Amino acid sequence: MLNLSSWRHPPHQTLILTSSIVSFFRHLTQSPPLPDHILDPPFSLNPKTSTPKHNVKKKTKKKQKENGESTKGRPFPLKSDLPFDFRYSYSETNPSVQPIGFREPPRFSPFGPGRLDRKWTGTSAPAEEVVDPAVLSEQREAVLGESLSDDEIAELVERYRHSDCSRQINLGKGGVTHNMLDDIHNHWKRAEAVRIKCLGVPTLDMENVCFHLEEKSGGKIIYRNLNNILLYRGRNYDPENRPVIPLMLWKPYAPIFPRLVKPVADGLTFEETKEMRNRGLNSPPLMKLTRNGVYVNVVERVREEFRSEEVVRLDCTHVGTSDCKRIGVKLKV
């Protein structure tokens with residue numbers, strides 16, 4: 001019995017251990033009272049900053065919508081004095097070709113309901129008044145002012161021609177679009193010129209792109225190198241008197257046009273057309289086109305190849321279907 005009870009602790013030691021644990025937990029649970037400054041209520045907000053700023057902006061926008069006003073302070077519907085018809089793309093559409101159908105009802109205007117005083121026909125919003133071209137040319141010359149000297153042109157070119165220029169607009173397969181005109185005038189507020197980088201199908205006909213940029217914006221091209229363009233605003237340009245350009249809220253669906261590639265080519269029989277197509281498919285490609293590439297030299301190379309070959313093949317494997325159709329239209333013209 002003495003050997004078995006030797007390993008047990010005496011009872012008074014166990015009581016001392018439990019009392020210490022109890023006193024320790026009692027000390028944790030009974031924390032000292034909090035100071036008075038912690039129980040004070042928080043400071044009240046400044047009455048000037050009680051309402052956030054974004055709520056004020058929302059209220060002003062709601063008032064403008066209720067009063068029928070735009071964000072720029074002009075009442076709806078907007079009235080623009082621009083003398084040309086509004087289209088989604090000016091350089092990639094032909095007004096003389098009429099569509100045979102529409103993918104959406106023509107009554108849905110991309111400018112929004114009641115935001116423009118012109119009627120949308122499905123492809124354009126035609127101008128109501130016809131302006132004399134002589135008057136337009138005089139107004140444009142008045143804004144451009146005296147022609148720039150060679151030193152002034154060289155200074156502007158050196159300032160805006162580089163790829164890291166902040167005043168740059170990218171022109172894609174849509175060409176010269178309607179909303180791009182507003183972007184050009186926004187850049188002209190703080191810069192004398194804007195750099196336009198063209199990519200994709202519009203680079204097949206750069207002369208057409210330059211023509212529409214000058215005609216629709218009123219500026220003047222002072223530099224052009226392959227697919228890069230510098231558009232100058234003019235000496236007497238006033239940003240406060242810029243034209244009113246209503247924006248398109250969405251891209252309208254392209255209408256349905258007649259078929260581009262006919263089963264039988266004009267002036268040929270069915271057998272001759274089939275034989276020429278097979279010859280073209282089996283011939284080596286003249287060049288390989290990439291998506292959103294620069295096609296400035298394609299037309300010249302095709303014309304040179306037509307001097308020795310009757311059929312020319314272009315490899316458009318990496319180009320989208322819609323881009324292939326547009327390339328075919330431009331090469332056909």
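**Exercise 1. Determine how far strand β4 is enclosed, and which residues lie on each of its faces.**

Solution. Begin with the count: in this predicted model, five of the five residues of β4 are buried, so the strand is largely enclosed by the rest of the structure. Here buried means under 20% relative accessible area, exposed means over 50%, and partly exposed lies in between, with a 1.4 Å probe and protein chains only. Strands are DSSP runs of E with at least two residues, helices are runs of H or I with at least four residues, and both are numbered from the N terminus.

Next, divide the residues by side: Asn-228, Leu-230 and Tyr-232 lie on one face of β4 and Ile-229 and Leu-231 on the other, and all of them are buried, which leaves both faces covered.

Before continuing, note the conventions. Residues are numbered from 1 along each chain as its sequence is written, and side-chain values use heavy atoms, with hydrogens and water left out. Because the model is predicted, local features need pLDDT of at least 70 and side-chain atom pairs count only at pLDDT 80 or more, whereas totals for chains, interfaces and linings use all residues.

**Exercise 2. Place β4 in its sheet and identify the residues that stand opposite each other.**

Solution. First establish the strand order: four strands form an open sheet, arranged β1-β2-β4-β3, with mixed pairing. The edge strands are β1 and β3, each of which pairs on one side only. Neighbouring strands of this sheet are turned against each other by 25° on average, direction ignored, where axes are lines fitted to C-alpha atoms, for helices over the stretch in contact, and angles run from 0 to 180 degrees between N-to-C directions.

Then take the partners of β4 in turn, remembering that two strands pair if DSSP finds at least two bridges between them. On the β2 side, five bridges join β2 to β4, and the two run antiparallel; Ile-196 stands opposite Ile-229 in β4. On the β3 side, five bridges again join strand β3 (residues 220-225) to β4, also antiparallel. Along this pairing, Lys-220 has Tyr-232 as its bridge partner in β4, Ile-221 has Leu-231, and Asn-225 stands opposite Asn-228.

Finally, look at the turn: the hairpin of β3 and β4 has two residues between the strands, and Leu-226 in this hairpin takes a positive phi near 55°.

**Exercise 3. Describe the surroundings of helix α5 and its packing against α6.**

Solution. Start with burial: eight of the eleven residues of α5 are buried, so this helix is largely enclosed by the rest of the structure. The buried residues are His-178, Met-180, Leu-181, Asp-182, Ile-184, His-185, His-187 and Trp-188, and what covers them includes β1 (168-171), β2 (193-198), α6 and β4.

Now turn to the geometry: helix α5 (residues 178-188) and helix α6 (residues 206-217) pack at an angle of about 70°, with their axes 11 Å apart. That makes α5 roughly perpendicular to α6, since angles of 65 to 115 degrees count as roughly perpendicular, those under 35 as roughly parallel, those over 145 as roughly antiparallel and the rest as oblique.

To finish, list the residues that meet, with contact defined as heavy atoms within 4.5 Å: Leu-181, Ile-184, His-185 and Trp-188 in α5 meet Leu-213, Lys-216 and Ser-217 in α6.

**Exercise 4. Compare the settings of the loop residues Leu-148 and Gly-234.**

Solution. Leu-148 is found in the loop between α3 (133-144) and α4 (150-160), and at 17% relative accessibility Leu-148 counts as buried. Apart from neighbours within four places in sequence, Leu-148 is in contact with Ile-153, Leu-156, Ile-222, Tyr-232 and Arg-235; the C-alpha atoms of Leu-148 and Arg-235 are separated by 8.7 Å although these residues are 87 apart along the chain.

Gly-234 belongs to the loop between β4 (228-232) and α7 (270-282), and at 4% relative accessibility Gly-234 also counts as buried. Setting aside neighbours within four places in sequence, Gly-234 is in contact with Val-143 and Leu-144, while its C-alpha atom is 7.4 Å from that of Glu-192, 42 residues away along the chain.
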